[in-house]
Amino acid sequence: MSVFTFIDLFAGLGGFHLALQDLGGKCVFASELRADLQILYQINYPGTPIYGDIQECIADVPPHDVLCAGFPCQPFSQAGKREGFKDLGRGNLFYVICEIIQKHKPKYIFLENVANLLRHDSGNTWGVIEHNLTSLGYWIDKKIISPHEFGIPQHRRRIYIVCRRRDLGSFNDFAFPIDLGCKEANIKEIIDVEDEDITPIKPETREQLEIWQEFVDLTIAHGDNLPRFPIWAMEFGATYDFKDTCPAFQSLNDLIGKRGRLGKVITSKNRNECLGQLPNYAQVDKEKCFPNWKIRYIQQNREFYLRHKKWLDTWLQKVKDFDNSHLKFEWNCGAEATPTIEDKIVQFRASGIRVKLPTYSPALNLVGTQVPIFPWIEIPAGNGEKGRYMTLKEAARIQGMERLKFNDPSFALPLTRCYEALGNAVNVEVVKRIAQKLLLNHEK
């Protein structure tokens, strides 16, 4: 492949940089808003000009063959406010990209964002992006791809958008890569059992997993299957009304005497205190009626409780002091999987404790306690204790970034920031495979 130049916008850890550098590219400009990641970028890519806010340094962007940008996804993400282009800060940065394209007319454009971008605002957001890139003189193609499709043990659907300048000829010779082998992903391929730079799970976390394993065992022992819906233990024993009107819009008399969180009777004469005795997800006051999905989950959990009341009332005493998020449990392993938590991947999320098969590694939303747990791994010198979090080395490996340095003698990125940055990064192997197809016929 001929030598080519590229720029790395919203660079983060430099996933685009690593991928295109491996293909012979030279990065001539990078921008990253966060100061700590700018320092880390200089450590890993010495000699590459790295700037801050791209809105303030457009004039410094030099000519280039390929424009790469994993532009901010929060305005379009299902986890965010989904304001899209209405987000006056991050949402409008797409137009900054367009301004750079208009000025330098790069031969190729390579963008990445959340999969929800395609559906955002009923498809209007994608329509704006497509219209702008077409108007600037480019052929466009797009595809939603997850690393697991190439045997990489991570499920993380992202949209990849690639463009070729129209005067370079037809785009008919481009096709997104397909792994015809369909190799099954396995998280054990990236695990280093000898790694001693680890964070073991806390004793209380281990105890919580043991208690939820007891729930799994008892459910099966009493002739039932593990539910496909999220288990909301706070709902067990509850009798408050929820179908027609949210509790926040009900009268005091409608609430008093009903059963709320964990089946406890609502007794206060103060309306706000009554609401506080409900499950946290039932206290919301934004809409008069719950959405259909919430009504369905509440109903399913109540029905499950009534089927298993005899043993659940005893089991509930073991979880009554759990935090709200630890009272939620999701078995995402299907009906055929062995009913054991220890050999699965576990995440403690704000939405609950989530259990997945080791062939279905969660996306690296690596913030706080959402770092995946491997319960089966023995702790070095741990007297037989098991269970630790995914290490930094493993998280980097799953993103194709095992070459990265996260510190040098003068600087060290805090561990939580390392995980967060990896969670936001593009997957190097996926980018590389797409770029190989995109730049196959490139001539300097």
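The legends below describe close-up views of a predicted model.

Residues are numbered from 1 along each chain as its sequence is written, and side-chain values use heavy atoms, with hydrogens and water left out. Local features need pLDDT of at least 70 and side-chain atom pairs count only at pLDDT 80 or more, whereas totals for chains, interfaces and linings use all residues.

**View 1. The open sheet and its edges.** Seven strands (DSSP E runs of at least two residues, numbered, like the helices, which are H or I runs of at least four, from the N terminus) form an open sheet in the order 3-2-1-4-5-7-6, with mixed pairing; two strands pair if DSSP finds at least two bridges between them. Strand 3 (50-51) and strand 6 are the edge strands, each with a single partner strand, so one side of each has no neighbour in the sheet. Strand 1 (residues 4-9) and strand 4 (residues 66-69) run parallel and are joined by four bridges, and the bridge partner of D8 in strand 4 is C68.

**View 2. Helix 12 against the sheet.** Helix 12 packs on the sheet, touching strand 5, strand 6 and strand 7, and its direction makes about 25 degrees with that of strand 7; axes are lines fitted to C-alpha atoms, for helices over the stretch in contact, and angles run from 0 to 180 degrees between N-to-C directions. The buried residues of helix 12 (residues 428-438) are V428, V430, V431, K432, I434, A435 and L438, where buried means under 20% relative accessible area, exposed over 50% and partly exposed in between, with a 1.4 Å probe and protein chains only. Their cover includes helix 1 (15-22), strand 5 (108-114), strand 6 (138-145) and strand 7 (158-165). At the N-terminal end of helix 12, N427 acts as a cap, with a side-chain oxygen 3.1 Å from the backbone nitrogen of E429.

**View 3. The surroundings of K294 in helix 8.** K294 lies in helix 8 (residues 292-307) and is buried yet has no salt bridge, the nearest side chain of opposite charge, E235, being 9.3 Å away; a salt bridge is a side-chain nitrogen of Lys or Arg within 4 Å of a carboxyl oxygen of Asp or Glu. Leaving aside neighbours within four places in sequence, K294 is in contact with W232, Y281 and V284, contact meaning heavy atoms within 4.5 Å.

**View 4. S170 in its loop.** S170 is found in the loop between strand 7 and helix 5 (203-221) and is partly exposed, with a relative accessible area of 38%. Not counting residues up to four places away in sequence, S170 touches W139 and R164.

Technical notes. Lys, Arg positive; Asp, Glu negative; His and termini not counted. Polar contact = N/O pair within 3.5 Å; in protein donor to acceptor, adjacent residues only side chain to side chain.
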